[in-house]
Amino acid sequence: MPLLRPPLHRVRALGRPPIRTLMNLRELVSALNDFASPALAESWDNVGLLVEPSPPHTVNTLFLTNDLTEEVMEEAVQKKADLVLSYHPPIFAPLKRVTWKTWKERLVVRALENRIGIYSPHTAYDAIPHGVNNWLTKGLGTCTSVPLHPSTAPSSPAEGTHRVEFCADAEHLDAVLSKIKDIPEISWLTTLPVRVEGEEQTRVSLNCSQKALLEVVALLSQNSLLYHKTEILLLQKPLLPHTGMGRLCTLSEPLSLSDTVERIKGHLGLPHVRLALGAGRTLESPVKKVALCAGSGSSVLKGTEADLYLTGEMSHHDVLDAVANGISVILCEHSNTERGFLSELRDALTIHLQNKINIIVSEKDRDPLQVA
């Protein structure tokens, strides 16, 4: 009697969850750095991989949060996160010890106990064109925006603040080059044969620091022929398009201040914001230009001409300065101007990482301030 086989059923591919291939931690960190280079972060910031479990470490779940509190860390543990991406760096001031005494030390202990890495992008995400500040501009409606403080290409030129170029004949060349090579902080030097006024000479080009420049000029000034043929160029790094801190937004159509407030509240999902009216302004005053900065924006916004400043928090005296200059101010509390970006970030990273890992957003993360 032939064996009876159960009928075969076709499994539809449509609607299936994607097949994930996982990522090695170092491969993932490299991809995150490609998404937003840590070199774009402010010099004072602490960005990149902050806590690393012993390798090899495979990441199946990437957990996104704005602030890594102890409550959020427990959520990450429960959801079996392998890497936490915390927008704000939980380690900022140096830790002298890792014990159970303070909450930030306990974060490190809990992370390592559960083999969870911690990565923070912070101001690198503020600077990029597809980052936090760009997301915040969307609350204004249709507008064009430019960075308030543009970023420069981090590796162009690699070293040196000045370029010095001069021509020397064979009689002086070796002696001059020998002395120049003894000067510290000269990062690049080339020579090229040239013909100057019918004579065979060598053109020397070098990059140097501001300090080394003084020594190079002092050396060349000892020979009037070399000195008069010297050119000094200031090396300026090229600006990166649409990249930098803060944004100056020009609305396509002016809005009343009251309508602008409502748009911001809707975008951030807030029932209220704090508002300071600029001198001579009312709720019906038109708003055409808005200077904004996610988080704490005083240092970025200060001195910018606009109808409105939009940020999370500013000092009392900086608000007074803006108001005195006729600029209205909207304050939303620090992390309320950042947290909503996480959902957009999840979608962007899903594409960037080619759907290789599971990406989830914290449900416990929230601004610590509320109106009682």
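Me: At what angle do helix α2 and helix α3 pack?

Reply: This is a predicted model, in which local features need pLDDT of at least 70, side-chain atom pairs count only at pLDDT 80 or more, and totals for chains, interfaces and linings use all residues. Residues are numbered from 1 along each chain as its sequence is written, and side-chain values use heavy atoms, with hydrogens and water left out. Helix α2 covers residues 70-78 and helix α3 covers residues 103-113 (helices are DSSP runs of H or I with at least four residues, strands are runs of E with at least two, both numbered from the N terminus). The axes of α2 and α3 are 10 Å apart (lines fitted to C-alpha atoms over the stretch in contact, with angles from 0 to 180 degrees between N-to-C directions), and the packing angle is about 5 degrees.

Me: Is α2 roughly parallel or roughly antiparallel to α3?

Reply: The angle between α2 and α3 is about 5 degrees. Angles under 35 degrees count as roughly parallel, over 145 as roughly antiparallel, 65 to 115 as roughly perpendicular and the rest as oblique. The angle of α2 to α3 therefore makes the two helices roughly parallel.

Me: How many charged residues does the contact of α2 with α3 have?

Reply: From α2, the residues E70, M73, E74 and V77 meet W103, R106, L107, R110 and A111 of α3 (contact means heavy atoms within 4.5 Å). Ala, Val, Leu, Ile, Met, Phe, Trp, Tyr, Cys and Pro count as nonpolar, Asp, Glu, Lys and Arg as charged, and the others, Gly among them, as polar. The contact has 5 nonpolar residues and no polar ones, and its charged residues number 4.

Me: Is R106 buried or exposed?

Reply: R106 belongs to helix α3. Leaving aside neighbours within four places in sequence, R106 touches E70, T99, W100 and K101. Its relative accessible area is 17% (buried means under 20%, exposed over 50%, partly exposed in between, with a 1.4 Å probe and protein chains only), so R106 is classed as buried.

Me: Which residue meets R26 in a salt bridge, and where does that partner lie?

Reply: The whole structure holds 18 salt bridges (a side-chain nitrogen of Lys or Arg within 4 Å of a carboxyl oxygen of Asp or Glu). In one of them, the side chains of R26 and E52 come together at 3.4 Å, N to O. R26 lies in helix α1 (residues 25-35), so its pairing ties together parts that are 26 residues apart in sequence. R26 is exposed at 55% relative accessibility and its partner is partly exposed at 35%; that partner, in the loop between β2 (48-51) and β3 (58-59), is E52.

Me: What is the relative accessible area of E75, the salt-bridge partner of K79?

Reply: The closest N and O atoms of K79 and E75 are 3.0 Å apart. K79 is partly exposed, at 30% relative accessibility. E75, by contrast, is buried, with a relative accessible area of 7%.

Me: How many residues apart are R274 and E333?

Reply: The side chains of R274 and E333 form a salt bridge of 3.5 Å, N to O. R274 is in strand β15 (residues 274-276) and E333 in the loop between β18 (328-331) and α12 (341-352), so the pair links distant parts of the chain. Their separation is 59 residues.

Me: What distance separates the centres of domain 1 and domain 2?

Reply: The chain is divided into domain 1 (23-126), domain 2 (128-150 + 242-335) and domain 3 (162-234), with bounds from an automatic or database domain assignment. Between domain 1 and domain 2, 12 residues of the former are in contact with 11 of the latter. Taken over C-alpha atoms, their centres are separated by 30 Å.

Me: Which residue is joined to P55 by a cis peptide bond?

Reply: The omega angle of this bond is about 0 degrees. The partner of P55 is found in the loop between β2 and β3. That residue is P56.

Me: How far apart in space are A127 and V216, C-alpha to C-alpha?

Reply: A127 is in helix α4 (residues 123-127) and is buried at 0% relative accessibility. Beyond its neighbours within four places in sequence, A127 contacts residues including L40, S151 and H242. A127 and V216 are 89 residues apart in sequence, and their distance in space is 36 Å.
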